[in-house]
Amino acid sequence: MPRSRRVAAPRSPRRLARDRHGRGMRSPVTGPHLPMLTNRVDEFELTVATTVSYLRGLWPELEGVVFEVAQAPAEAIHDDHIDRWKVYHDERRIVFFRLPIVRFLRLQEGEDKDEKLLVESCVFRAIADFLGRDPWELAPGRYRHF
């Protein structure tokens with residue numbers, strides 16, 4: 001007995017918007033109820049940005065200063081130390097080198113609070129170098145609770 005052949009139905013526009021099994025397109029990995037995934041670079045940049053915005057609110061001299069995050073260029077490596085940031089006074093620009101700041105932390109796993117404090121302290125010291133002040137003068141009382 002010959003087998004009956006299935007006649008292909010014409011494709012509807014709705015069918016074209018779905019995958020071949022009819023289940024629809026894939027949703028994002030995190031879903032609508034979870035926050036977006038972040039990585040270490042994003043967390044570092046967020047810490048720098050929030051610290052800079054805090055200090056900009058306190059010091060109007062920082063208006064117009066450009067803050068950048070870079071990896072670690074070769075000119076930042078010296079014989080006795082590695083630059084963690086570079087201040088360009090004439091260009092009104094401060095560049096933070098992410099790898100020297102993060103790699104030399106020597107932290108144990110799960111010490112995110114300590115890493116954030118170290119990044120904030122580097123931002124404070126770089127801005128203090130730019131302004132020609134002591135880092136403790138920038139935000140008196142900020143770390144009084146520690």
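In the predicted model, helix α2, spanning residues 40-58, lies across strands β1 and β3. The helix runs at about 165° to β1.

The strands beneath this description belong to one open sheet. Three strands form that sheet, in the order β1-β3-β2. Their pairing is mixed. Strands β1 (66-70) and β2 stand at the edges, and each has a single partner strand, so one side of each is left without a neighbour in the sheet. From one strand to the next, the twist averages 15°.

Strands β2 (residues 85-88) and β3 (residues 93-97) run antiparallel and are joined by 4 bridges. Together they form a hairpin, with 4 residues between the two strands. R92 lies in the turn and has a positive phi of about 55°. Two residues of β2 can be placed against β3. W85 has F96 as its bridge partner. K86 stands opposite V95.

The side chains alternate along β2. W85 and V87 point to one face and are buried, with under 20% relative accessible area. K86 and Y88 point to the other face and are not buried. The bridge partner F96 in β3 thus pairs with a buried residue of β2, W85. V95, in turn, stands opposite K86, a residue of β2 that is not buried.

Terms used: Residues are numbered from 1 along each chain as its sequence is written. This is a predicted model: local features need pLDDT of at least 70, side-chain atom pairs count only at pLDDT 80 or more; totals for chains, interfaces and linings use all residues. Side-chain values use heavy atoms; hydrogens and water are left out. Buried means under 20% relative accessible area, exposed over 50%, partly exposed in between (1.4 Å probe, protein chains only). Two strands pair if DSSP finds at least two bridges between them. Axes are lines fitted to C-alpha atoms, for helices over the stretch in contact, and angles run from 0 to 180 degrees between N-to-C directions. Contact means heavy atoms within 4.5 Å.
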